Amino acid sequence: MDNLNDIQKNGKRALVAMSGGVDSSVAAYLTVKAGYDTRGVTMNLYDNEMIACNSHTCCSLEDVEDARSVAFKLGIQYHVFNFKDEFEKTVIDPFVHAYETGSTPNPCIDCNRYMKFRALWVRAQMLYEDYIVTGHYGKIEYDQGSGRYLLKKARDLTKDQSYVLYSLTQEELSRTLFPLGDMTKEHTREIAMEQGFINAKKHDSQDICFVPNGDYAGFICRHTGKSYPSGDFVDQEGNVLGTHKGIIHYTIGQRKGLGLALKQPMYVTGIDVENNKVILGYNKDLMSTDFEVKDFNWIACEAPGSSMKADVRIRYKHHESPATITPMENNCVHIHFDEPQRAITPGQSAVAYDGDVVIGGGIIK
């Protein structure tokens, strides 16, 4: 499915989400080259005044101009759509709420789920588009045997983004194209250089787009206008070790930035929101095997009637580990790792794989 030339075009229309980066620009070029009636669009997600300027985010005013330049060079129509209200409701507000309730969210997953593949598709339908195209590194293939669309890892595993795409539904997969699925990042940049794109040497975005320099706690305070009270650091037995500066500043597994003089390295192992306490422990206290996942989206198959084996990833940079997945009620699953894993963190996503095929994924409870 990610190979554009494998699809019967015959005047098919494609809307390319252009972030201003090199990946989406090359995706647009490949879509045009493959013969699609192509339009480019940048999603205006927030006012730039709400954050400090930062060259390592996406969606800035500079990015809009870069995307516009590439669209002009390709000779395609280009639009900027205002999605600020939807972005605040479906990405920023849940991001803030997660930290306020002791979880660690992944807003890029929510942005993909609610903005790129849902809100944008609604707008695409108004323009009579047949497909949405993005610069993600992943693959979509139709499996004749199961009659399902499969989400698979990209060829370039160092850039693979299947982990953040697990929320795609069968309908969304059927109308989405990933032209970069079989390409390496080096090849992508080579094409951008050959085409003379203004962003050919542009660095990849590294930060959360609305959180400059990684200061998510500062963003939350500015966005909400609230202050978050200090409280106690406590050990596993409840002994007070010091004073924290507000629970939004901490996440499971954190060691740096605690501001404590400790005899041995200690890590955040829990957040007690009700009592405003941050619980510290040692590395061994972060190891566990069992947890539950909510809102599990099954891609490669329907929810099975019994337990199944899979390789599970619990963070974007985490290597998959063998586990057993047991379906539960209300679209939840229980996951048991064969070997203990470090810092299984509420709010992050657990994604199950069978080789390079994404079985499905959901949010860690």
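The exercises below, each with a worked solution, concern the domains and one pocket of a predicted model.

**Exercise 1.** Find into which domains the protein chain is divided, and compare this division with the spans that UniProt annotates.

*Solution.* Begin with the division itself, which gives domain 1 (13-195), domain 2 (229-281) and domain 3 (286-364). Next, turn to the record, where an unreviewed UniProt entry places "domain: tRNA-specific 2-thiouridylase MnmA-like central" at residues 219-281, and "domain: tRNA-specific 2-thiouridylase MnmA-like C-terminal" at residues 289-364. Finally, describe each annotated span: residues 219-281 are 10% helix and 32% strand, with end C-alpha atoms 28 Å apart, while residues 289-364 are 0% helix and 62% strand, with end C-alpha atoms 13 Å apart.

**Exercise 2.** Describe the contact between domain 1 and domain 3, and state which three residues of domain 1 supply 40% of the area that it buries there.

*Solution.* Start from the centres of domain 1 and domain 3, which, taken over C-alpha atoms, are separated by 25 Å. The contact then involves 23 residues from domain 1 and 25 residues from domain 3. The area buried between these two domains is about 1900 Å², and carbon and sulfur atoms give 51% of it. On the side of domain 1, the three residues sought are Lys153, Tyr163 and Tyr166, which supply more of the area buried against domain 3 than any other three residues.

**Exercise 3.** Work out which elements and which domains line the second largest pocket.

*Solution.* First take the volume, since the second largest pocket holds about 370 Å³ of space. Of its 19 lining residues, Pro94, Ala98, Asp110, Lys294 and Ile363 are the closest to its centre. Then assign the lining to elements: α3 (84-100), α4 (107-126), β12 (287-298) and β17 (357-364) each give two or more residues. At the level of domains, domain 1 and domain 3 each contribute at least three residues to this lining. Last, sort the lining by class, which yields seven nonpolar, seven polar and five charged residues.

How values were computed: Residues numbered from 1 in each chain as written. Predicted model: local features only at pLDDT ≥ 70, side-chain atom pairs only at ≥ 80, totals over all residues. Heavy atoms only, no water. UniProt positions renumbered as here; feature names shortened; annotations may be inferred. 1 Å grid on protein atoms, 1.4 Å probe; cavity = no way out; pocket = protein on both sides within 12 Å on 5 of 7 lines; lining within 4 Å. Points joined across faces, edges and corners; volume = space filled by probe spheres on them. Helix = DSSP H or I, 4+ residues; strand = E, 2+ residues; numbered from the N terminus. Nonpolar A, V, L, I, M, F, W, Y, C, P; charged D, E, K, R; others polar. Domains from an automatic or database assignment. Contact = heavy atoms within 4.5 Å. Buried area = accessible area lost by both parts, 1.4 Å probe.
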